Amino acid sequence: MPIEDVEMTDASKRADDVDVEMAEPAKSKKKTKPAGNNDPIYTVRILKLVKDLQQQHGLRHSDYQRYRGYCSRKVRRLRKTLGLPPSDRHNFKKKTVIDDLHINDKSITIPLMLTERAWSYAMQLRLEANTEPRKKYHLISRLRKATKYALLLQQLCENAKFDSRTKLEAEGYVAWIHGTLHFELQLWSSAIEYFKKAQMIYEKLATAVNEEDASMYRHKSEEITPSLRYCAYNLGEATATELLQLRSQAHGELLKNLDILVAETVKHNTNAMNEVKWRNRSFAVKSEKVRSFLLADRDLEKSFIGSVADNVGLLEQHLMDCKDAIALAKEESRIEGGKGGDATSSTQLLPQYLSYIRLSRTIQRNLLMIEVAKKDAEGSWTADELKTLDAGLVQRTKAQDSTRMYEIIIQNLMEMEQLPIAEYDLQFAAEVQSKIKAYQAIRCYSIAENLSSVGRWADAVKLYERAVQLAEAALKVDLEPTLVEELRALVTKIESCRMIMRAKSMIQSAPAAESAAKKEPLVNRLDEYFEDPSLVTGEPRIAEIPPPMVPIPCKPLFFDLALNMATFPPLEEKMARKKGAANPAGIKGFVKGLWGWNNPK
């Protein structure tokens, strides 16, 4: 028999031994009974817990010995906390955690730490096996021990006390440990099977959780990829491809179970508020107080079964709780990401979402108070509502304060528009802006109603027109159905109110115009008509006789501008001739000139 065949036979025998050892704990341990309806449901993030502990205790620098020592101390502390010490002062008494009374989120950490301790020891031996080949056998022994504890972990997680996400993580972790063992045994086909199963589970989990945890699962899936490639290289590409196809067909049932568990994980995260989805973004909720507030906010509408005054009281108490939740979320955001982080990150989105809830609930509270004011003004309280009516609430919500309530609502919407997410989510900003216009239209209508009640009909008409413009602008964007119906009813109501106000304003201005027109003669008011009784009497007021003095401009002055346009004949010849006939010099010439002898005739 060739040497390769002998080695494969021995390897197969060792694999069979591994499978027998894996199955032994499941046979020897009794089944756990399902949890009752009142039992708590635990969630243990196995991968995140392991990654954090590895980074904090040596594996950041590949110090496996330090991490192994930490795991040993951690197991000792856990056993002491749970009352499961491995021995007393004199002799050894083994105590396990498979009893249903001891199964909780802390107890399953014991087999997890035992698995990590055995795995870290194996990785330490792998580094030392480069110079000491005999340590390869000890490495295999440690990985066998790790698979044994990993199977115990999976068995404990199958209890009904744990949610679907914990079960999926335990199954993926166990598959990865088994793949690591078969990889060291050079059982490439089974190693591919286990690694592929682990990779499949982590990829499925990445689709069911928030973005922060999904990146961790995707990173773990990418870590498995090089091992899969090495196994495929040793098997040959064609053989590995055929094997993967066969395994994918055989994993059909596994995929169905994975889909069921993933769906349960999503549902559990939604019900327990471990993560929240808002504006197409998912983010985790870590604080227990914040989760309880979000659960209360989700079920708040179901509590609105009393009168309007009772509902206002519930909302005010809810807003006080919301302020505490916002403070906690901002503190966590400051510790984890700081104020300079991305506005769309998980740590920054939670405070914004809570602020959005606070503003939305404040608007809801103010609308209820406006409803109280309207009922008080109309006197439409029922007998049951009058019994439970809060006098202080009615005093705070008088009819004339409705306009102030609408102004507060508009201020809340403006605060909502200033949330950092509005810079990235343009649709959110457009929706808030349209709501602002909608409530501005309602506020204009409320002011117009108040003005019409005091007789200022002309001003009311202008406000009605402004309200119609704002309502039509708001209806161009998709709004809540109730708000859309309210705006459409408002536009219809304004059309009739505007005509009534115009008629009243014309009636109001007609007597004043008539009295002023009676003093004017007919010639000065030809464009205005009203019945003037003086026109049919003997002295009709047609025109003033004599007509009144009218100032007119004086006679215009005329200036002689022709000289500027005149053209005179040239005088150069005469000037030259005159210059040539100048008087001679001397006394004789002077005398002749004096007596006129030199004067030509």
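In this predicted model, helix α4 (residues 109-128) packs against α6 at an angle of about 25°, and the two axes sit 12 Å apart. An angle under 35 degrees counts as roughly parallel, so α4 runs roughly parallel to α6. As for handedness, α4 passes α6 in a left-handed crossing. On the α4 side, the contact is made by Leu112, Thr115, Glu116, Trp119, Met123 and Arg126, and on the α6 side by Tyr173, Trp176, Ile177, Thr180 and Glu184. Sorted by class, the residues of this contact come out as six nonpolar, two polar and three charged.

Helix α6 (residues 164-184) also has a partner in helix α5 (residues 135-157), and here the angle is about 160°, with the axes 9 Å apart. An angle over 145 degrees counts as roughly antiparallel, so α5 and α6 are roughly antiparallel to each other. Their crossing is again a left-handed one. From α5, the contact takes in Lys136, Leu139, Ile140, Leu143, Arg144, Ala146, Thr147, Ala150, Leu151, Leu153, Gln154 and Cys157. From α6, the residues taking part are Thr166, Lys167, Ala170, Glu171, Tyr173, Val174, Ile177, His178, Thr180, Leu181 and Glu184. Split by class, the contact of α5 with α6 holds 13 nonpolar, five polar and five charged residues. Tyr173, Ile177, Thr180 and Glu184 of α6 turn up in the contact with α4 and in the contact with α5 as well.

Next along the chain comes the pairing of α6 with helix α7 (residues 188-206), which pack at an angle of about 155° with their axes 8 Å apart. That angle makes α6 and α7 roughly antiparallel to each other. Once more, the crossing is left-handed as α6 passes α7. The contact of α6 with α7 has 13 nonpolar residues, along with six polar and four charged ones.

Stepping back to the whole chain, there are 22 helices and two strands. Of the 601 residues in the chain, 39% are buried. Sequence distance is worth a look too: among contacts between residues at least 6 apart in sequence, 69% join residues at least 24 apart.

Now for the nonpolar cores. The largest one has 65 residues, and Leu294, Leu354 and Tyr439 are the residues with the most contacts inside it. Quite a list of elements gives two or more residues to this core: β1 (275-278), α11 (288-298), α12 (308-336), α13 (346-378), α16 (402-417), α17 (426-453), α18 (457-474) and α19 (481-518). The largest share comes from α17, which puts in twelve residues. There is also a second, separate core of 62 residues, and Leu47, Leu53, Met113 and Leu114 are among its members.

Helix α19 is also home to Cys497. Buried means under 20% relative accessible area, so Cys497, at 15%, counts as buried. Setting aside its neighbours within four places in sequence, Cys497 is in contact with Glu449 and Tyr464. Cys497 can also be compared with Tyr445: the two are 52 residues apart in sequence, while their C-alpha atoms are 10.0 Å apart in space.

A few spots in the backbone deserve a mention. Most residues other than glycine have a negative phi, and most peptide bonds are trans. Arg279 has a phi near 55°, a positive value in a residue other than glycine. Its place is in the loop between β1 and β2 (281-284). With a relative accessible area of 22%, Arg279 is partly exposed. Asn280 is found in the loop between β1 and β2 too, and its phi is near 65°, which is also positive. Asn280 is exposed, with a relative accessible area of 73%. As for the peptide bonds, the one from Ile545 to Pro546 is cis, with omega near -10°. Pro546 has its place in the loop between α19 and α20 (562-565).

Key
Residues numbered from 1 in each chain as written. Predicted model: local features only at pLDDT ≥ 70, side-chain atom pairs only at ≥ 80, totals over all residues. Heavy atoms only, no water. Axes fitted to C-alpha atoms, helices over the stretch in contact; angles between N-to-C directions. Helix = DSSP H or I, 4+ residues; strand = E, 2+ residues; numbered from the N terminus. Parallel < 35°, antiparallel > 145°, perpendicular 65-115°, else oblique. Left-handed = near helix turned anticlockwise from the far one by under 90°. Contact = heavy atoms within 4.5 Å. Nonpolar A, V, L, I, M, F, W, Y, C, P; charged D, E, K, R; others polar. Core = buried A, V, L, I, M, F, W, Y, C linked by side-chain atoms within 4.5 Å. Buried < 20%, exposed > 50% of the residue type's maximum accessible area, 1.4 Å probe, protein only.
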